[in-house]
Amino acid sequence: MFGSRSNQKKAIGWLGAAGWLCILAAQAQEVRTCGYTHYNPPNASQVQAFEQWLDQKITAKSAKNTPPHQEAVYVLPVVVHIIHNGEPVGTGTNISDAQILSQIQVLNEDFRRKTGTPGFNTTSVGADVGIEFVLASFDPNGLPTTGIRRVQGSKNAWQVADDAALKAQSYWNSAQYINIWVCNLQGLLGYARLPESNILAGVPVTPQNPLLDGIVIGFQQFGRVGNVRNPFNQGRSLTHEMGHYLGLRHIWGDRSNCTGTDFCDDTPPATDPNYGCPSSGRTICDPNQPEMFQNYMDYTNDACMNIFTQDQRLRMRTVVENSPRRQSLLSSPAFLPPVSNGNDAGIEQILQAQTNDCESGVAPLIRLRNYGNKTLRKVTIQYQLANAPAQQVVWTGDLPTLGTTNFSLPAFTNQAGRRNLRISTSLPNDSVDVNQANDTREISLNTLVVTQLPQAFDPTHLTSLAALPNGWAVLNPDESFTWELATLPDRKALNLNFFNYRNIGTEDWLTSPPIDLRQSQSPVLQFEYAYAAYQNFDNTNPQDKLQIRLSADCGLRFDTVLFQAAGVNLATTLTQVKQTWTPSSPSDWRTVQLDLTPFAGSSYIQVAFVGINDFGSNLYLGKISLKDSSFAQNTAQYFSIFPNPSSNGQFSVAFNLPQAEDVVVQLATPDGKLLWEQTLPQTQRQIYPFLLARKPTGVTLLTVKGKTFRQTQRVLFP
Ligand SMILES: [Ca+2]
Ligand SMILES: [Ca+2]
Ligand SMILES: [Ca+2]
Ligand SMILES: [Zn+2]
């Protein structure tokens, strides 16, 4: 009974007990794969409750006996969310406007059974459903829109399991818009949420989540031009899914052997789905009524469908008139310009006020909007900083209804601290504003104190981390372990307890206040830290990391890494530990000097000490200072040696070179006899531990040579 079949089939099924979700799937192989066998049917009592409710509504509607041609044509607003993969518009998943518009056209041809289009049929029970679909003209904020949103998705491919995540990419109130998401959908052509009844509480019906209401279609099945794929290239996937969205069921009733129903008498019974493009309808269920494989609610190819029936029309229109989030579409603001009758000015947005928190100058830029139906020629704008006296300025111009214009207010200064800035409009065209709800906008300004050099942060003087020096702050994003004050045998320090900290990869920050380097010639950051590498059972080491980062934009981005080291390269002692470790003497510490000369002249910089956890061993921070010094290229200390005196033939060299280059490290006796030599490629700020096979005794000289420098320091071997 089957005609020619394509290599692809559609399969449709119910998903989830409470899901009210209908799936339209494409299968690559020539096998019968109905989604019904993969997914559970919905809770039977829910179907029954919905159908009883709908039946009552249909009975009531039919009793009025209004001839179809006298019934209103319903116009439903659509928003199409293109969830693309970053391609230019018209390429790949970011399908063209033309493709989207062709889909809306197909939908209207099919639902209106338009003559001269593929949506026309001459079947006696065929119906003009009398429902049209139009891309929204106004968004939920009342702003003009094309009804097409383009959003780069957080994933490149989507499955039904991603339903909530997909819809969270872009969503408009589903009581006011039919949300249609178009994306790279895997394994399916599309799926839709079914309508629900307005049965009141007390009846065991699980209400749908409004955030998930709508239709999802794969980008290659959407529309009939552009990136569409045969045989689902005529836009009928959306026609089918829109049928579900408006309450239609599959014509075979999602059961086999003629036992299902779609609750429509004028669609003949069907034993199961039809695929491909049959030449005639099967008569398995009723020898006198061939199956209506041309119905949009069957599984045939796009080119072979062209029928909604009178009963299907009645179901869909009854749903539109009664179902929550279907009925409300009829009063959607999608087509209503939100224009007031009279003079109505307002501030749509405060676009900008401060460059950043380190700038005390405030220069507000606002977007003014005419919400009224009269041309706006004049409006008074008041602005007020906290409790200071309000200032005002008068805008004049020529702003048409719904027009916007950007307007700069006079600049002023905010003293250090946090204050609210309130900006409002009044007296549009010298008259009372008929809608004052949109007049006022408020933002919070925060101006930081920019400090001068020198800056010192000395844990010794701290009593608790709740009382950090001015402008220093600890950031603890996971609210778990973080920098804390530790009292050690010889000093106080900050401690980051990586040893007990299981949230691997988390960062804990200590940040400085913004510091003014405009008068500085050779600023230097110096700090002390201590760390012992933890040794795992397999002799590997957790890569606990210390990063020193710098921000030159008042903390918006700390995008300069001044220093970083991890694991054994971070260690200030050659001893590796298997338990918690505490530095106990000055030789356990390392002092690092970082040259900030490249930032001399900056209006403000901030440094951050970032500990990055790998569940290893505790990290300690000692004194931190920022000062102007004679530390400059020609006198820079390019490396430091620790511990020194060496411990049992072991020592580390911490490099601090202005640029990465190959260096040669040589150890020699004071009279010039070479003891040992090693070349280190591309060295700049690494730390290298060394263990000498033959341990020297007494004073030795360690020389580091680069392309442009040569420096020597003493190392003692006791
Ligand atoms: Ca039927
Ligand atoms: Ca107003
Ligand atoms: Ca933390
Ligand atoms: Zn379906």
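Start your tour at the calcium ion (ligand 1), whose donors follow the spacing D-x1-C-x2-T along the chain. Here, donors are N, O and S atoms within 2.8 Å of the metal (3.2 Å for Na, K and Ca), and sites may look incomplete because water is not among the atoms.

Before going on, note that this is a predicted model, in which local features need pLDDT of at least 70, side-chain atom pairs count only at pLDDT 80 or more, and totals for chains, interfaces and linings use all residues. Residues are numbered from 1 along each chain as its sequence is written, chains are lettered from A and ligands numbered from 1 in the order in which they are written, and side-chain values use heavy atoms, with hydrogens and water left out.

**Stop 1: the calcium ion**

Select Asp262, Cys264 and Thr267 together with ligand 1. Which atoms coordinate the calcium ion? They are OD of Asp262, O of Cys264, and both O and OG1 of Thr267, at 2.3 to 2.5 Å. Asp262 and Thr267 are both buried, where buried means under 20% relative accessible area, exposed over 50%, and partly exposed in between (1.4 Å probe, protein chains only). Cys264 is buried as well, with a relative accessible area of 5%.

**Stop 2: the zinc ion**

Now select ligand 4, a zinc ion, along with His240, His244 and His250. Each of these histidines coordinates the zinc ion through NE2, at 1.9 to 2.1 Å. Along the chain, the donors of this ion are spaced H-x3-H-x5-H. Color His244 and His250 to pick out two buried residues.

**Stop 3: the disulfides**

Next, show the cysteine side chains. How many disulfides does the structure hold? There are three, a disulfide being a pair of cysteine sulfur atoms within 2.5 Å.

Zoom in on Cys258 and Cys285, whose sulfur atoms are joined at 2.0 Å. Both cysteines sit in the loop between helix H4 (236–245) and helix H5 (310–322), so their disulfide ties together parts that are 27 residues apart in sequence. Helices (H or I, at least four residues) and strands (E, at least two) are DSSP runs, numbered from the N terminus. The torsion about this S-S bond is about -90°, so the disulfide is left-handed. Cys258 is partly exposed at 28% relative accessibility, and Cys285 is partly exposed at 22%.

Move on to Cys277 and Cys304, a disulfide with its sulfur atoms 1.6 Å apart. These two cysteines also lie in the loop between H4 and H5, so the pair links parts 27 residues apart in sequence. With a torsion of about -105° about the S-S bond, the Cys277 and Cys304 disulfide is left-handed. Is each end buried or partly exposed? Cys277 is partly exposed, at 31%, whereas Cys304 is buried, at 10%.

Then find Cys358 and Cys554, with an S to S distance of 2.0 Å. Cys358 is in the loop between strand S9 (345–352) and strand S10 (361–362), and Cys554 is in the loop between strand S26 (545–551) and strand S27 (560–566), so this disulfide ties together parts that are 196 residues apart in sequence. Its torsion is about 80°, so the Cys358 and Cys554 disulfide is right-handed. Both Cys358 and Cys554 are buried.

If you number the bonded cysteines in sequence order, the pairing reads 1-3, 2-4, 5-6.

**Stop 4: an open sheet**

Switch to a cartoon view and select S20, S23, S29, S26 and S27, which form an open sheet in that order with antiparallel pairing. Two strands pair if DSSP finds at least two bridges between them. Strand S20 (473–475) and S27 stand at the edges with a single partner strand each, so one side of each has no neighbour in the sheet.

Look inside the sheet at strand S23 (residues 507–511) and strand S29 (residues 606–612), which pair over five bridges in the antiparallel sense. Asp508 has Gly611 of S29 as its bridge partner.

**Stop 5: a hairpin**

Select strand S31 (residues 639–647) and strand S32 (residues 650–655), an antiparallel pair joined by five bridges. Where does Phe642 find its bridge partner? In S32, at Ser652. Two residues lie between the strands of this hairpin, and Asn648 takes a positive phi near 55°.

**Stop 6: the whole chain**

Finally, zoom out and color domain 1 (9–335), domain 2 (345–443), domain 3 (448–636) and domain 4 (637–718). These bounds come from an automatic or database domain assignment. The centres of domain 2 and domain 4, taken over C-alpha atoms, are separated by 64 Å.
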